[in-house]
Amino acid sequence: MSTRRTLLAGSTAALGLAAGAAHAAPSVTAPQPAAAPGGRPPNLVVVLADDLGYGELGAYGQKLIAIPRLDGFPAEGLQFTDAYSTAAVCAPSRGSLLTGLHAGHATVRANPSSGARVP
């Protein structure tokens with residue numbers, strides 16, 4: 001099983017981009033994609049939605065707002081019932097997802113209180 005860090009390193013290597021030297025371990029190599037039953041690598045889509053709670057999609061019980069694309073996933077056989085967030089607020093959890101770093105190792109540890117953007 002690969003980690004987010006090896007997934008990101010493999011993605012940047014596949015795209016021909018230089019991995020961030022400050023965060024990439026020198027021993028990380030690009031993982032080889034596993035072949036799907038059809039012989040092609042599987043498609044992976046990451047949906048990042050800030051402040052979206054478990055019950056706020058129609059597939060999980062919400063009745064007021066229709067989000068056809070996201071609500072259609074369970075009809076196609078994909079339903080998420082367990083999740084883990086690296087932080088209780090959006091900025092550090094988004095940073096951990098995008099960098100592959102544990103929240104304790106990341107530079108963004110809280111939402112900015114002044115409204116200013118944090119690099």
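Colleague: Let's start just after H3. What sign does the phi of Gly100 take there?

Modeller: This is a predicted model, and in it the phi of Gly100 is positive, at about 80 degrees.

Colleague: How do you know how far to trust H3?

Modeller: I go by pLDDT, the predictor's confidence on a scale from 0 to 100. Helix H3, residues 90-99, has the highest confidence in the protein, with a mean of 85, whereas H1 has the lowest, at 68. Over residues 19-26 the pLDDT drops below 50, and that stretch makes four contacts in the model beyond its near neighbours in sequence. For the protein as a whole the mean is 73, and 69% of residues reach 70 or more.

Colleague: What makes up the secondary structure of the protein?

Modeller: There are three helices and zero strands, so the order from the N terminus reads α-α-α.

Colleague: Which residues of H3 do you call buried, and on what grounds?

Modeller: Cys90, Ala91, Pro92, Ser93 and Ser96. The label means that each has a relative accessible area under 20%. Across the protein, buried residues are 13% of the 119.

Colleague: What makes you say Ser93 has a polar contact, and with which backbone oxygen?

Modeller: The partner is the backbone oxygen of Val89, 3.0 Å from a polar atom of the Ser93 side chain. The cut-off is 3.5 Å, so the pair's 3.0 Å falls within it. Ser93 sits in helix H3 and, leaving out residues up to four places away in sequence, touches Ser85, Thr86 and Ala87.

Colleague: Why is Tyr54 called exposed?

Modeller: Its relative accessible area is 54%, and exposed means over 50%, so Tyr54 qualifies. You'll find Tyr54 in the loop between H1 (4-15) and H2 (68-71).

Colleague: Which residues does Tyr54 contact, beyond its neighbours within four places in sequence?

Modeller: Tyr60, Phe80 and Thr81. Each of those pairs counts as a contact because heavy atoms come within 4.5 Å. Take Phe80: Tyr54 is 26 residues from it in sequence, and the C-alpha atoms are 9.4 Å apart. That 9.4 Å is a C-alpha to C-alpha distance, while the contact cut-off applies to heavy atoms.

Colleague: How many of the protein's contacts with a separation of 6 or more link residues 24 or more positions apart, as a percentage?

Modeller: 32% of them.

Colleague: And what supplies the area that the protein exposes?

Modeller: Carbon and sulfur atoms supply 60% of the roughly 9,400 Å² exposed.

Key:
Residues numbered from 1 in each chain as written. Heavy atoms only, no water. Helix = DSSP H or I, 4+ residues; strand = E, 2+ residues; numbered from the N terminus. Buried < 20%, exposed > 50% of the residue type's maximum accessible area, 1.4 Å probe, protein only. Areas by Shrake-Rupley, 256 points an atom, 1.4 Å probe, with all protein chains shown as cover. Polar contact = N/O pair within 3.5 Å; in protein donor to acceptor, adjacent residues only side chain to side chain.
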